[in-house]
Amino acid sequence: MKEIIRMIVVLSLISGVCALALSGFRAATAERIEDQILQNVQGPKVKLVLDKAENDIINDRKTISVNGEDVLLFIGKKGNEPWAIAYESTGGGFGGDIKVMVGYDIGNDTLTGIQIISHKETPGIGSKIAEDQFTKYFKGLATSTNFTTKPQGGEVDAISGATYSARGVCEAIRNSVEIYPQVKKQMQAQ
Amino acid sequence: MSVFKEFTKGLWQELPPFRLVLGLCPVLAVTKSATNGLGMGLAVIFVLTWSNILVSALRKVIPRKVRIASYIVIIATFVVIVEMATQAFFYPVYEALGIFIPLIVVNCVILGRAEAFASKNGVFASALDGLGIGTGFTISLVVLGGLRELVGAGTLFDVEIMSAVYRSHSFSFMLEAPGAFICLGVLLAIMNAVSAPSSS
């Protein structure tokens, strides 16, 4: 009996101390990690999507709430005027979620471009969705475009061999366009 | 002298991937380049040394029956610290190594040293043991990664070594998983030939 109590006490103590150490370290690095992810993962993509912006887009970001979900909004400015916005959305691809950054010109409601942030598609086949060849097509399209692939009756060229991957990107864009009016309204209200 | 031996044995006699043939999963997976091998090796040195020190310091406190669980908790703590530190300060390394940083927890080299050495020896000897084995592991990873990078991509630590003609027609096969096995096999064979020429 004594041995059991000793085992429980020792293991609990070790776990407790470790948990304490980790939460301390986490608190110390959390801000830097978030900043690193912004700079290294989303940052470069946002800059490509809003390539005509003159401000520091990563610093001009804010979090808004749409339908109860937080959306991290990047705002591109020309001079001092907000000109375009970009935010991330998700679609289901062949190998997993595809995360897409979609940029909008809020003046005439067109896409300034899209960039794939992360995907798990087959290398060499589905991974073509991340190439310029595919993503450049969306540049300048109106938000009213039917963002489904041509075989499904839409307007987007699919990639041969990567049907599901292209559909996933379209789904992400549709999800993004769907909340665009609300995002725009909230942004202009502020 | 004997303390010094605890350090040097990790460099040849008990060189983890080649001599003990332990911890092969990260060895094969991350050695696409010398830089990746070095990053992984440094992470392992840190985790191994500190987990050895703690396990050794607590060896009289931890009851035998829960020792493995205790070791895993201690190792996991240091691994998560390494993961957060690389994410915060060396983001490109974090991206390159990805899932293999958290997987250091189940690297049997580390648990093996805790169980076979640190739980039976003093703190100082255990620290040296961890440093030695970790250094040996790092050297192995850098050698393997360097070899694969040189043959497969024509570069070493991202510096272009081979001519442009070679680099555009390199054996990219060496960067794939089978290349890792072949490289490891060749290195193992060389090491065996060097250390035991008479037995063959």
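**Exercise 1. Burial and overall form of chain B**

Determine what percentage of the 200 residues in chain B is buried, and decide whether the radius of gyration of chain B agrees or disagrees with that of a compact globule.

*Solution.* The structure is a predicted model.

Step 1. In chain B, buried residues account for 42% of the 200 residues.

Step 2. A compact globule with 200 residues would have a radius of gyration near 16 Å; chain B has 18 Å, which agrees.

Step 3. Along the principal axes, the C-alpha atoms of chain B fill a box of roughly 60 × 50 × 30 Å.

Step 4. Take the contacts in chain B between residues at least 6 apart in sequence: 75% of them join residues at least 24 apart.

**Exercise 2. The elements of chain B and one face of a helix**

State how many helices and strands chain B has, and explain why the buried residues of helix H7 of chain B line one face.

*Solution.*

Step 1. Ten helices and two strands are found in chain B. Along the sequence they follow the pattern α-α-α-α-α-α-α-α-β-β-α-α.

Step 2. Helix H7 of chain B covers residues 108–118, and its buried residues are B:Val109, B:Ile110, B:Arg113, B:Ala114 and B:Ala118.

Step 3. Viewed down the axis of H7(B), these buried residues fall within an arc of 135°, so they line one face of the helix.

Step 4. A general rule helps here: an α-helix has 3.6 residues a turn, so residues three or four places apart point the same way.

Step 5. The packing partners of the buried residues of H7(B) are helix H2 (16–20), helix H4 (34–57), H5 and helix H8 (123–153) of chain B.

**Exercise 3. Three residues of chain B**

Classify B:Phe124, B:Phe157 and B:Asp158 as buried, partly exposed or exposed, and state where in chain B each residue lies.

*Solution.* The cut-offs needed are 20 or more C-beta neighbours within 10 Å for a buried residue and 12 or fewer for an exposed residue, with partly exposed in between.

Step 1. B:Phe124 belongs to helix H8 of chain B. With 12 C-beta neighbours inside 10 Å, B:Phe124 counts as exposed. Its C-alpha atom is separated by 9.5 Å from that of B:Ala57, although the two residues are 67 apart along the chain.

Step 2. B:Phe157 is located in the loop between strand E1 (155–156) and strand E2 (159–160) of chain B. Because B:Phe157 has 14 C-beta neighbours inside 10 Å, it counts as partly exposed. Its phi is near 50°, a positive value in a residue other than glycine.

Step 3. B:Asp158 also lies in the loop between E1 and E2 of chain B. Because B:Asp158 has 10 C-beta neighbours inside 10 Å, it counts as exposed. B:Asp158 is not a glycine, yet it has a positive phi of about 65°.

**Exercise 4. The sheet of chain A**

Give the order of the five strands in the sheet of chain A, and identify which strands stand at the edges.

*Solution.*

Step 1. The strands form an open sheet in the order E1-E2-E3-E4-E5, with antiparallel pairing.

Step 2. Strand E1 (61–66) and strand E5 (110–118) of chain A each have a single partner strand, so one side of each is left without a neighbour in the sheet. From one strand to the next, the twist averages 30°.

Step 3. At one edge, six bridges join E1(A) to E2(A), and A:Ser65 stands opposite A:Asp70 in E2(A). The two strands form a hairpin with two residues between them, and A:Asn67 in the turn has a positive phi of about 50°. E1(A) is hardly covered, since the count of buried residues among its six residues is zero.

Step 4. At the other edge, strand E4 (residues 97–105) of chain A is joined to E5(A) by seven bridges. There, A:Tyr104 stands opposite A:Leu111 in E5(A).

Step 5. Helix H1 (residues 2–49) of chain A packs on the sheet and touches strand E2 (69–78), strand E3 (81–92), E4 and E5; its direction makes about 155° with that of E5(A). Helix H3 (residues 163–189) of chain A also packs on the sheet, touching E1, E2, E3, E4 and E5, and its direction makes about 140° with that of E3(A).

**Exercise 5. The contact between the chains**

Find how many residues of chain B are in contact with chain A, and name the helix of chain B that supplies the largest share.

*Solution.*

Step 1. The contact involves 16 residues of chain B and 17 residues of chain A.

Step 2. Helix H5 (residues 67–89) of chain B supplies the largest share of the side of chain B that touches chain A, namely ten residues.

Step 3. By type, the residues on this side of chain B are twelve nonpolar, three polar and one charged.

Conventions. Residues are numbered from 1 along each chain as its sequence is written. Chains are lettered from A and ligands numbered from 1 in the order in which they are written. This is a predicted model: local features need pLDDT of at least 70, side-chain atom pairs count only at pLDDT 80 or more; totals for chains, interfaces and linings use all residues. Two strands pair if DSSP finds at least two bridges between them. Helices (H or I, at least four residues) and strands (E, at least two) are DSSP runs, numbered from the N terminus. Axes are lines fitted to C-alpha atoms, for helices over the stretch in contact, and angles run from 0 to 180 degrees between N-to-C directions. Two residues are in contact if their C-beta atoms, placed from the backbone, lie within 7 Å. Ala, Val, Leu, Ile, Met, Phe, Trp, Tyr, Cys and Pro count as nonpolar, Asp, Glu, Lys and Arg as charged, and the others, Gly among them, as polar. The radius of gyration is taken over C-alpha atoms; the globule rule is 2.2 Å times the number of residues to the power 0.38. The arc is that of the directions from the helix axis to the C-beta atoms.
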